[in-house]
Amino acid sequence: MPRQLSAMIESFPLTRAFNISRGAKTTADVVTCTITENGMTGRGECVPYKRYGETVEGVLKAIEAYAGAISAGATRQDLQSAMKPGAARNAIDCAMWDIEAKLSGRRAALTACHILPRPVPTAVTVSLGDPSDMADEARAHSAQKLLKVKVGTSDDRARIHAVASAARDAEIILDANEGWDESNIREHLLLAAELHISLIEQPMPAGKDEILAHIPHPVPICADESVHTLADLEALADRYDAINIKLDKTGGLTEALQMRDHARELGFGVMVGCMVGTSLAMAPAVLLAQDADWVDLDGPLLLARDRSPGLSYSGSLVSPPPPELWG
């Protein structure tokens, strides 16, 4: 029988509300793509993102619409030109990586990685809230090596002070999620430098970040919402010091690997990040993250219930996926 594609919407509750500058969420709503052939099954997961004009229903339809092409023998390379980057292509691309590994008996890591995969340190996220609440959350995670702290209001000075004081031994990334503007970015950057913050992620709105080319960067600045695919990189070279690669933006691991390599050629630092999803969504990203400068793949740690089997998290480390999960 030819390959068969199916997809479904799934919802995973969070342990508590996850807050960023654009709002809060209490569940991870994902779309899972499954490809079967010769008794083997490959899976991929994506997280449709409203910020990028996606809905779970629209992404589900886009995935299902590609079922005929999969049955007709479409390859991962065909997929890159047939579908636009985004969540739908990501789910199919990762399911294709998985089924290829299952059918060949060759682990995906042997194709995707320059080195044998190993556990990598991942950030743990502190969500946006009152400074005292954020300090309590940072203190609870102070043994972690890397904290990613959500900010992005008109005045984050108290929040930055609070988390830096509560987790003095942790490396800290501040993620503003496009929440700062020309009136406050300079003072926030200077304070971040004073408190030895390691990185600032997406301080300005995408498309309104020209100021970053004209002001000092006392702390390196990382693009997230401003960068999606390989084609975006060169235009950002004068504004950003690093880029955040997420599979739901690139449209899968295939493009993400090319994007990482070209980013290195252009001198960017590389972060590998995620939307809030399950271990199935993180699994291919762990392979991408093997030589990243910063890794932010803690999505499953925010869930009340993950997939089983899932990824193994131990302290600050996340291990490569077992074959029963993916790849």
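**Cavity**

I looked up the lining of the largest cavity in this predicted model. I found 14 lining residues. Leu247, Asp248, Cys274, Met275 and Ala281 lie nearest the cavity centre. Two elements give two or more residues to this lining: α9 (247–250) and α11. Of these, α11 gives the most, with three residues. I then sorted the lining by type and got eight nonpolar, three polar and three charged residues. The volume came next, and I noted about 80 Å³ for the largest cavity. How many cavities of 30 Å³ or more does the structure hold? I found one.

**Pocket**

I turned to open space. The largest pocket holds about 610 Å³. I counted 30 residues along its lining, with Phe18, Ile20, Lys25, Tyr49 and Val276 closest to the centre. Which elements give two or more residues here? I noted β1 (4–20), β2 (23–37) and β6 (146–150). The most comes from β2, with five residues. I sorted this lining too: 11 residues are nonpolar, six are polar and 13 are charged.

**Nonpolar cores**

I went to the largest nonpolar core, which has 70 residues. Val149, Leu174, Leu297 and Trp326 have the most contacts inside it. Which helix gives the most to this core? It is α11 (residues 279–288), with eight residues. I had already met α11 in the lining of the largest cavity, where it gives three residues.

I picked Leu174 for a closer look and left out residues up to four places away in sequence. Leu174 touches Val149, Val151, Ile160, Ala192, Ile197, Leu199, Ile200 and Glu201. Val149 is also one of the residues with the most contacts inside the core. Apart from this core I found another, of 23 residues. Ile35, Leu60, Ala74 and Ala95 are among its members.

**Salt bridges**

I counted 23 salt bridges in the structure. I checked several one by one.

Glu137 pairs with Arg16, and their closest N and O atoms are 3.1 Å apart. I placed Glu137 in helix α6 (residues 131–140) and Arg16 in strand β1. The two are 121 residues apart, so I logged the pair as a link between distant parts of the chain. Are the two partners buried or exposed? Glu137 counts as buried because its relative accessibility is 11%, under the 20% cut-off. Arg16 counts as exposed because its value is 52%, over the 50% cut-off.

Next I took Arg307 and Glu45, whose side chains meet at 3.0 Å, N to O. Arg307 lies in the loop between β12 (294–295) and β13 (313–314), and Glu45 lies in strand β3 (residues 40–46). They are 262 residues apart in sequence, so this bridge ties together separate parts of the chain. I checked accessibility again. Arg307 is buried at 13% relative accessible area. Glu45 is buried too, at 2%.

Arg239 and Asp238 gave me another bridge, at 3.8 Å from N to O. I logged Arg239 as partly exposed, at 21% relative accessibility.

Last, I looked up a network of salt bridges. Which residues does it link? I listed Lys148, Lys150, Asp175, Glu201 and Asp296. Glu201 had come up before, among the residues that Leu174 touches.

Terms used. Residues are numbered from 1 along each chain as its sequence is written. Side-chain values use heavy atoms; hydrogens and water are left out. A nonpolar core is a set of buried Ala, Val, Leu, Ile, Met, Phe, Trp, Tyr and Cys residues joined through side-chain atoms within 4.5 Å. Buried means under 20% relative accessible area, exposed over 50%, partly exposed in between (1.4 Å probe, protein chains only). Helices (H or I, at least four residues) and strands (E, at least two) are DSSP runs, numbered from the N terminus. Contact means heavy atoms within 4.5 Å. On a 1 Å grid over the protein atoms alone, a cavity is a set of points where a 1.4 Å probe fits but cannot get out, and a pocket is an open set with protein on both sides within 12 Å along at least five of seven lines; lining residues have an atom within 4 Å of a point. Grid points are joined across faces, edges and corners, and a volume is the space filled by probe spheres set on the points. Ala, Val, Leu, Ile, Met, Phe, Trp, Tyr, Cys and Pro count as nonpolar, Asp, Glu, Lys and Arg as charged, and the others, Gly among them, as polar. A salt bridge is a side-chain nitrogen of Lys or Arg within 4 Å of a carboxyl oxygen of Asp or Glu.
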